[in-house]
Amino acid sequence: AEQNVEVERKNQEIEQARGALEEKAKELALTSKYKSEFLANMSHELRTPLTSINGFSELLAIDDKIPEEAREFVQIISNESQRMSRMIDTFLSVTQLERSDKKDVVHIALRLDEVVRDAIVTMQAIAKKKRIRLVEQANGTIPPVAADKSLITQALMKLLDNAIRYSPERTTVTISTVLEAEVVRVIVEDRGYGVPAESIDRIWEKFYRVARDGQEKDEESTGLGLAFVKEVIEQHGGSVNVESEVGRGSKFSFALPRL
Ligand SMILES: Nc1ncnc2c1ncn2[C@@H]1O[C@H](COP(=O)(O)OP(=O)(O)OP(=O)(O)O)[C@@H](O)[C@H]1O
Ligand SMILES: [Mg+2]
């Protein structure tokens, strides 16, 4: 009987602890929701003043009544505020995705090999500047996936952008589409700088960037690209993957369930 009382008491304690935990979890979820809502609102509000800074500095930069030296400064203001706008846009699209439900994503039957072809055409100009060759490899018949065309295209472009940006000149980036059992995988393989082992688990985090010699000041980089890719792919019920070796190159990929 004494043992029963003891068990009963322990059960009550466990029940209480569980209740407290559930309460805490609810609180946390709410806090996190407020945080991302706050950040999204904030970013949205920053856009309006930035639009006029962008517009007027651009106008000033081409105004020949302004002294040469001052025009140079205005150009810097213009470039930097444009960069800020791009950062805010990427940030907004990531938080928007985090807040949206899987239901909000518009799924159509999408051929990933076609998405790859289009993305290569779009990125060709940037690749050419670095004399990087973009090679497409489609293997056999690729079944469609159910996905949002615009989001998947944007995600793939972020991977291509990275492959080009983090590779030396005159290298090759290979983009392949393969059918693996129940998923279609798109692989972007570069012969670039590679990601150090200690960074590999963190590169998908928002704002995380790998510091490289002579590259810390890369002005174009915000550390949001891969966070966006991961969010988009996971919203589609897919998964992302990376293998990389410093000095040899990287292999980024995503897989989506086939139709
Ligand atoms: N193909 C790659 N090769 C080597 N390093 C890479 C590659 N792709 C990403 N990285 C590293 O991972 C980091 C995070 O990448 P991510 O795309 O999220 O941000 P970013 O490129 O720095 O900025 P952006 O928001 O403009 O994409 C980068 O700073 C880069 O150092
Ligand atoms: Mg990037």
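Rings of Phe, Tyr and Trp, the last by its six-membered ring, pair if their centres lie within 6.5 Å; planes under 30 degrees apart count as stacked and planes over 60 as edge-to-face. The exercises below concern a predicted model.

**Exercise 1. Aromatic pairs**

Determine how many aromatic pairs the structure holds, and classify each by its geometry.

*Solution.*

Step 1. The structure holds two aromatic pairs.

Step 2. One of the two joins F91 and F207, with 5.9 Å centre to centre and 25° between the planes. Since planes under 30 degrees apart count as stacked, the pair of F91 and F207 is stacked.

Step 3. F91 belongs to helix α2, whereas F207 lies in the loop between β5 (183–190) and α5; the pair therefore ties together parts that are 116 residues apart in sequence.

Step 4. F91 has a relative accessible area of 9% and is buried. F207, at 44% relative accessibility, counts as partly exposed.

Step 5. W204 and F252 also form an aromatic pair, with 5.9 Å centre to centre and 65° between the planes. Planes over 60 degrees apart count as edge-to-face, and the pair of W204 and F252 is edge-to-face.

Step 6. W204 is in the loop between β5 and α5 and F252 is in strand β7 (residues 249–257), so this pair ties together parts that are 48 residues apart in sequence. W204 counts as buried at 14% relative accessibility, and F252 counts as buried at 9%.

**Exercise 2. The helices α1 and α2**

Compare the end-to-end reach of helix α1 with its expected value, do likewise for α2, and state what covers the buried residues of α1 and of α2.

*Solution.*

Step 1. Helix α1 covers residues 2–61, which makes 60 residues. From its first C-alpha to its last it reaches 87 Å, close to the 88 Å expected at 1.5 Å a residue.

Step 2. A kink of about 30° in α1 is centred on P49.

Step 3. The buried residues of α1 are S36, A40, S43, L50, N54, S57 and A61. What covers them includes α2 (68–99).

Step 4. Helix α2 has 32 residues and a reach of 47 Å from its first C-alpha to its last, close to the 46 Å expected at 1.5 Å a residue.

Step 5. Buried residues of α2 include V74, S78, I88, F91 and L97. Their cover includes α1, α4 (149–165) and α5 (225–235).

**Exercise 3. The setting of α5**

Establish how many residues of α5 are buried and against which elements they pack.

*Solution.*

Step 1. Nine of the eleven residues of α5 are buried, and the helix is mostly covered.

Step 2. The buried residues are G225, L226, A227, F228, V229, E231, V232, I233 and Q235.

Step 3. These residues pack against α2, α4, β6 (239–245) and β7.

Step 4. Within this list, F228 also has a charged neighbour: the charged end of K158 sits over its ring, 5.5 Å from the centre.

Step 5. Just after α5, G237 takes a positive phi of about 75°.

**Exercise 4. Positive phi and the β5–α5 loop**

Identify residues other than glycine with a positive phi, and describe the surroundings of T222.

*Solution.*

Step 1. Most residues other than glycine have a negative phi.

Step 2. R170 has a positive phi, near 60°. R170 lies in the loop between α4 and β4 (172–180) and, at 62% relative accessibility, counts as exposed.

Step 3. F207 likewise has a positive phi, near 70°. F207 is placed in the loop between β5 and α5.

Step 4. T222 is also in the loop between β5 and α5. At 18% relative accessibility, T222 counts as buried, the limit for that class being under 20%.

Step 5. Leaving aside residues up to four places away in sequence, T222 touches M87, F207 and R209.

**Exercise 5. The two domains**

State the bounds of domain 1 and domain 2, the separation of their centres and the number of residues in contact.

*Solution.*

Step 1. The domain assignment gives domain 1 as 2–99 and domain 2 as 104–257.

Step 2. The centres of domain 1 and domain 2, taken over C-alpha atoms, are separated by 24 Å.

Step 3. Ten residues of domain 1 are in contact with twelve residues of domain 2.

Methods. Residues are numbered from 1 along each chain as its sequence is written. Chains are lettered from A and ligands numbered from 1 in the order in which they are written. This is a predicted model: local features need pLDDT of at least 70, side-chain atom pairs count only at pLDDT 80 or more; totals for chains, interfaces and linings use all residues. Side-chain values use heavy atoms; hydrogens and water are left out. Helices (H or I, at least four residues) and strands (E, at least two) are DSSP runs, numbered from the N terminus. The expected span of a helix is 1.5 Å times one less than its number of residues. The bend at a residue is the angle between axes fitted to the seven residues ending there and the seven starting there. Buried means under 20% relative accessible area, exposed over 50%, partly exposed in between (1.4 Å probe, protein chains only). Contact means heavy atoms within 4.5 Å. A charge sits over a ring if NZ of Lys or CZ of Arg is within 6 Å of the ring centre and within 35 degrees of the ring normal. Domain bounds come from an automatic or database domain assignment.
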